[in-house]
Amino acid sequence: MLIQSNIDEWRNENQILCCDAPIKTIIVYHNGERKYYKAMFEATGMKELISYLYAINQKVDLTGVEEKFSFER
């Protein structure tokens with residue numbers, strides 16, 4: 001799905017960050033590089049990936065752990 005979303009072409013230039021819409025950010029480590037995509041209104045190729053990530057808890061049987069996890073800032 002990442003390949004189909006064309007990760008090598010992700011660009012953040014000309015993104016509209018205005019108004020009251022939520023900002024979606026995806027950070028991926030790929031080929032030794034950190035790539036990120038940040039947008040309020042995602043490109044057409046990103047919609048399927050973002051929908052999948054929102055629904056992943058319903059598609060995959062996840063196991064809870066006690067280990068602490070820190071989000072990247």
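**Close-up views of a predicted β-β-α model**

**Figure 1. The largest nonpolar core draws together seven side chains.** In this predicted model, the largest nonpolar core has 7 residues: Ile-26, Val-28, Tyr-37, Ala-39, Met-46, Leu-49 and Ile-50. At least two of these residues come from each of β1 (24-30), β2 (33-39) and α1. The biggest contribution is that of α1, which gives 3 residues to this core. As a general background to this view, nonpolar side chains tend to be buried together in soluble globular proteins.

**Figure 2. The whole chain, for orientation.** Before moving on to the smaller views, here is the overall layout. The protein has 1 helix and 2 strands, and from the N terminus on these elements follow the order β-β-α. Of its 73 residues, 21% count as buried. The protein exposes about 6,400 Å², and 51% of that area is supplied by carbon and sulfur atoms. Looking at contacts between residues at least 6 apart in sequence, 42% join residues that are at least 24 apart.

**Figure 3. Strands β1 and β2 pair as a hairpin.** The two strands run antiparallel and are joined by 7 bridges. One of the residues to look for is Ile-26, whose bridge partner in β2 is Tyr-37; both residues also belong to the largest nonpolar core. At the turn, the hairpin has 2 residues between the strands, and Asn-31 takes a positive phi near 55°.

**Figure 4. Thr-25 and its surroundings.** Thr-25 sits in strand β1. Is this residue buried, partly exposed or exposed? Thr-25 counts as partly exposed, because its relative accessibility is 44%, which lies between the 20% and 50% limits. Setting aside neighbours within four places in sequence, Thr-25 is in contact with Tyr-37 and Lys-38. Met-40 lies 15 residues away along the chain from Thr-25, and the C-alpha atoms of these two residues are separated by 8.9 Å.

**Figure 5. A nonpolar patch on the surface.** Here we turn from the core to the outside. Which residues form a nonpolar patch on the surface? They are Leu-53, Ile-56, Val-60 and Leu-62, and together they have about 320 Å² of accessible area. Val-60 is placed in the segment after α1 (44-59). This residue is partly exposed, with a relative accessible area of 34%. Val-60 therefore clears the cut-off for patch residues, as 34% is over the 30% that a patch requires.

Key. Residues are numbered from 1 along each chain as its sequence is written. This is a predicted model: local features need pLDDT of at least 70, side-chain atom pairs count only at pLDDT 80 or more; totals for chains, interfaces and linings use all residues. Side-chain values use heavy atoms; hydrogens and water are left out. Patches are made of residues with over 30% relative accessible area and no salt bridge: like charges are joined within 9 Å, nonpolar side chains (Val, Leu, Ile, Met, Phe, Trp, Tyr) within 5 Å. Accessible areas come from the Shrake-Rupley method with a 1.4 Å probe; for residues, only the protein chains shown count as cover. A salt bridge is a side-chain nitrogen of Lys or Arg within 4 Å of a carboxyl oxygen of Asp or Glu. Helices (H or I, at least four residues) and strands (E, at least two) are DSSP runs, numbered from the N terminus. Buried means under 20% relative accessible area, exposed over 50%, partly exposed in between (1.4 Å probe, protein chains only). A nonpolar core is a set of buried Ala, Val, Leu, Ile, Met, Phe, Trp, Tyr and Cys residues joined through side-chain atoms within 4.5 Å. Contact means heavy atoms within 4.5 Å. Two strands pair if DSSP finds at least two bridges between them.
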